[in-house]
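Q: Please take a close look at the salt bridges of this model, and then at one place where two helices pack against each other.

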Amino acid sequence: MPYCEVDRYQAGDKWEGVRLFYRRYGRGATKVLLVIGLAGTHDSWGPQIRGLTGSMEPADGGDELTAARTDEEAGAPAAAPATATVEEEDVGEGIEVCCFDNRGVGRSSIPPHKSYYSTSIMARDALALMDHLGWKKAHVFGHSMGAMISCKLAAMAPHRMSSLALLNVTGGGMECFPKVDAQMLSLAFRFLRARTPEQRALVDLETHYTKEYLDEEVGSCTRRAILYKEYVKGISSSGMQSNCGFEGQINACWTHKVTTKELDTIRAAGFLVSVIHGRHDIIAQVCHARWLAQRLLPAARMVDLHGAHLVSHERPEEVNNALMDLIKATKYAMAPQEWSSQPENTSGLIVMAFEHVRNIVRVTKPVRVVAIQSS
């Protein structure tokens with residue numbers, strides 16, 4: 001099994017190593033590091049791995065992602081390879097993706113105290129993994145807490161970034177609190193009382209997806225019913241995240257803060273940034289993502305999609321195309337001002353209106369790409 005030792009901590013009279021479990025998919029000169037969020041494991045990136053590499057077969061051997069099976073059985077929208085993945089010449093020599101379990105979850109080490117968890121510490125973990133892989137630079141894409149970690153990584157080592165994508169991100173701290181209403185109070189109450197996989201699965205579905213998506217009919221039943229069975233199966237087989245790991249990752253989110261100096265470092269580094277968000281996310285409110293995108297002008301572009309917290313699963317084609325836009329814009333050295341100035345309601349692929357390079361503009365499902373106005 002592929003592991004990488006990224007850190008050490010003292011446990012009594014001895015030192016223990018922190019090991020990350022990781023998987024690699026695809027092959028090519030373009031490197032992509034995927035950083036997952038709170039309580040998530042590497043297999044949560046299934047739709048993006050399939051979309052970016054065109055394959056779910058690990059390059060380092062072993063079993064395929066559970067998420068791939070889950071998506072197919074649940075009748076999720078097919079995460080077809082993003083447009084340019086099929087035409088590998090568009091991104092050089094193909095794409096290699098690495099995803100991993102953060103410390104505190106999955107097959108990675110679980111340090112015993114919350115002081116061993118912060119977004120800065122976990123960003124250093126990701127950087128150590130890049131060193132282990134021999135990657136000088138990578139496109140770094142993070143979701144939720146993983147986006148917070150990615151921000152820290154970008155500020156810590158801007159010279160190692162090819163580009164940065166922040167999915168369903170917040171600024172941490174108080175921004176981690178969802179909008180308080182009757183629905184959220186009910187979900188919070190049920191989450192705290194959940195003691196079985198069945199109870200936890202019901203709460204997770206309502207926080208991860210829009211009601212519209214869950215109620216769609218897939219064959220003879222709804223997607224909600226299919227996903228519920230898969231969530232219960234997944235939680236039952238892997239077990240709930242340990243209290244120690246969960247509390248540590250919660251501490252990382254709560255103590256996270258990106259300083260003005262760090263934002264200035266990211267903005268001035270020269271790489272492009274894409275802030276991708278489900279506008280119906282009840283966990284990470286879209287207003288916080290908009291604020292961050294505005295602070296990162298002119299490097300950042302806001303992509304506003306119809307979806308919830310797991311917009312990467314609910315709208316995989318749109319998310320994958322937005323990520324490919326970022327990779328291609330980086331390859332063609334698009335100027336930050338050009339990148340961030342796309343008008344609202346423009347298809348994500350119109351950023352590839354380097355028609356003198358491609359001569360083709362592909363149109364996908366309507367998404368809202370917001371031109372951010374500086375204040």
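**Salt bridges and a helix contact**

A: Counting as a salt bridge any side-chain nitrogen of Lys or Arg within 4 Å of a carboxyl oxygen of Asp or Glu, the count comes to 16 salt bridges. The model is predicted, so local features need pLDDT of at least 70 and side-chain atom pairs count only at pLDDT 80 or more, while totals for chains, interfaces and linings use all residues. Residues are numbered from 1 along each chain as its sequence is written, and side-chain values use heavy atoms, with hydrogens and water left out.

One of these pairs joins Glu 96 to Lys 31, with N to O at 2.6 Å. Glu 96 belongs to strand E4 (residues 95–100) and Lys 31 to strand E3 (residues 30–35), so this salt bridge ties together parts that are 65 residues apart in sequence; helices (H or I, at least four residues) and strands (E, at least two) are DSSP runs, numbered from the N terminus. Both Glu 96 and Lys 31 are buried, where buried means under 20% relative accessible area, exposed over 50% and partly exposed in between, with a 1.4 Å probe and protein chains only.

Arg 8 and Glu 5 also meet through their side chains in a salt bridge, at 2.9 Å from N to O. Arg 8 is partly exposed at 42% relative accessibility, and Glu 5 is partly exposed as well, at 46%.

In helix H11 (residues 260–268), Arg 267 and Asp 264 lie three residues apart, about one turn of the helix, and they form a salt bridge whose closest N and O atoms are 2.2 Å apart. Arg 267 counts as partly exposed at 27% relative accessibility, and Asp 264 is partly exposed at 34%. Elsewhere, Asp 7, Arg 103 and Asp 125 are joined into one network by salt bridges that share partners.

Turning to the helices, the axes of H4 (residues 119–133) and H5 (residues 145–156) come within 8 Å and cross at roughly 70°; axes are lines fitted to C-alpha atoms, for helices over the stretch in contact, and angles run from 0 to 180 degrees between N-to-C directions. H4 is therefore roughly perpendicular to H5, a term that covers 65 to 115 degrees, whereas under 35 is roughly parallel, over 145 roughly antiparallel and the rest oblique. Contact means heavy atoms within 4.5 Å, and the H4 residues that meet H5 include Met 122, Ala 123 and Leu 127, with Met 148, Ile 149 and Leu 153 among their H5 counterparts. By class, this contact has nine nonpolar, two polar and two charged residues, with Ala, Val, Leu, Ile, Met, Phe, Trp, Tyr, Cys and Pro counted as nonpolar, Asp, Glu, Lys and Arg as charged, and the others, Gly among them, as polar.
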